[in-house]
Amino acid sequence: MRLRAYRFCVAFAIAALVFPFSLELLAARTIPPLFVLAPGGNSIKPVDSGWREVSDWLVGRKYAVLTFDDGPYGHGVDEHIIGILRKHHAHAVFFLVCSHITDSTEPVLDELKENGDLIGNHSFDHLKLTYLQEADLQHEIDGCSQLLAKLSGRRPYYFRPPFGMTSPLVTQSVHAAGMKQMLWNANSEDSWMTKPEQILYWSLEETDNHSILLLHDKPATAAVLDQVLTQLEQRGFQFVLPDHPPFK
Ligand SMILES: [Zn+2]
């Protein structure tokens, strides 16, 4: 009798230890955790950690944010990229340059919304913001947010300074316009490399767990994106969006 009680206690203790872990594993299989920008704005961190991180580590699951700068590009390139994201059930942040929005590229904003992607602000004219005075900064940062809000119905929540060039004044203007500054820590090098295989190489080389990957709305990137996503998925990556206000 005493032996039976002992066995029951041991079984109960094991079950108590394993049960939350298996629940966590089950949850981790289906729902990605919530992420916020890490301090410095060039990577993400999960809001809740603990069991989740253990289960992700055990099954080799990693997370990354895909970001596409300088759109809308037009000529069907944006639509090509959105189509590949859709195929992979992935979402991305598109940092748009307001002066690139024309009558022919404006429909891209609706496509991004329909696909569940985030529209970010990449300034009005893609200038080096660290050289600008406060009034010009306001046009570049808040002026672009106002236009994006008017066209898409959503005020951007994330801002990326052109060339990643920022300063205390730029950061202050971004916060005053109600946004967070997002940089990156993984670079596909597609701003200057033109061969798809080079973009594939650097995307795979640089992307790590919790990375923000810098890509551009360009034909060479669109040409290799399916391979980039497929190979990152084979390495255990899921593509997530960081924390943002609920979509209306
Ligand atoms: Zn840019």
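Where is histidine 89 found? Histidine 89 is found in the loop between helix H3 and strand S4, which covers residues 92-96. The legends below describe a predicted model, beginning with the whole chain and returning to this loop later.

**Figure 1. Overview of the protein chain in the predicted model.**
The chain contains 8 helices and 10 strands. It has 248 residues, and 46% of them count as buried. Take the contacts between residues at least 6 apart in sequence: 74% of these join residues at least 24 apart.

**Figure 2. The zinc ion and its donor residues.**
Three residues coordinate the zinc ion: Asp70 through OD, His122 through NE2 and His126 through NE2. The distances run from 2.0 to 2.2 Å. Written along the sequence, the donor spacing is D-x51-H-x3-H. Aspartate 70 belongs to strand S3 (residues 62-71), while histidine 126 sits in the loop between strand S5 (118-121) and helix H5 (134-152), so these two donors tie together parts of the chain that are 56 residues apart in sequence. Aspartate 70 has a relative accessible area of 22% and is therefore partly exposed, since buried means under 20%.

**Figure 3. Aspartate 69 and its surroundings.**
Aspartate 69 lies in strand S3. Its relative accessibility is 3%, so aspartate 69 counts as buried. With neighbours within four places in sequence left aside, aspartate 69 is in contact with Phe95, His122, Arg160, Leu214, Leu215, His216 and Asp217. One of these, His122, is also a donor to the zinc ion. The side chains of aspartate 69 and arginine 160 make a polar contact at 2.8 Å. Valine 97 is 28 residues away from aspartate 69 in sequence, and the two C-alpha atoms are 8.0 Å apart in space.

**Figure 4. The cis peptide bond between glycine 71 and proline 72.**
Most peptide bonds are trans. The bond joining glycine 71 and proline 72 is cis, with omega at about -5°. Proline 72 lies in the loop between strand S3 and helix H3 (77-87).

**Figure 5. Histidine 88 and histidine 89 in the loop between H3 and S4.**
Are these histidines buried or exposed? Histidine 88 has a relative accessibility of 11% and so counts as buried. Histidine 89, at 71%, counts as exposed. Apart from residues up to four places away in sequence, histidine 88 touches Asp226, Leu229, Thr230 and Glu233. With glutamate 233, the contact includes a polar one between the two side chains, at 3.0 Å. Threonine 230 is 142 residues from histidine 88 along the chain, yet their C-alpha atoms are separated by 8.0 Å. For the backbone, the general rule is that most residues other than glycine have a negative phi. Histidine 89 has a positive phi, near 50°.

**Figure 6. The crossing of helices H7 and H8.**
Two packed helices are described by the angle between their axes and the distance between the axes. Helix H7 covers residues 196-206 and helix H8 covers residues 219-234. Their axes come within 9 Å and cross at roughly 35°. The crossing is right-handed. On the H7 side, the contact is made by Pro196, Ile199, Leu200, Ser203 and Leu204. On the H8 side, Ala220, Thr221, Ala223, Val224, Gln227, Val228, Gln231 and Leu232 take part. Which kinds of residue form this contact, nonpolar, polar or charged? The contact has 9 nonpolar residues, 4 polar ones and no charged ones.

**Figure 7. Serine 203 in helix H7.**
Serine 203 is part of the contact between H7 and H8. Its relative accessibility is 0%, so serine 203 counts as buried. The serine 203 side chain reaches the backbone oxygen of isoleucine 199 at 2.7 Å. Not counting residues up to four places away in sequence, serine 203 touches Ser188, Leu213, Leu215, Val228 and Leu232. Among them, Val228 and Leu232 are residues of H8 that take part in the helix contact.

**Figure 8. Histidine 210 in the loop between H7 and strand S9.**
Strand S9 covers residues 211-216, and histidine 210 lies in the loop between H7 and this strand. Phi of histidine 210 is near 75°, a positive value in a residue other than glycine. Histidine 210 has a relative accessible area of 18% and is buried, because the cut-off for buried is under 20%.

Notes. Residues numbered from 1 in each chain as written. Predicted model: local features only at pLDDT ≥ 70, side-chain atom pairs only at ≥ 80, totals over all residues. Heavy atoms only, no water. Donors = N, O, S within 2.8 Å, 3.2 Å for Na, K, Ca; no water. Helix = DSSP H or I, 4+ residues; strand = E, 2+ residues; numbered from the N terminus. Buried < 20%, exposed > 50% of the residue type's maximum accessible area, 1.4 Å probe, protein only. Axes fitted to C-alpha atoms, helices over the stretch in contact; angles between N-to-C directions. Left-handed = near helix turned anticlockwise from the far one by under 90°. Contact = heavy atoms within 4.5 Å. Nonpolar A, V, L, I, M, F, W, Y, C, P; charged D, E, K, R; others polar. Polar contact = N/O pair within 3.5 Å; in protein donor to acceptor, adjacent residues only side chain to side chain.
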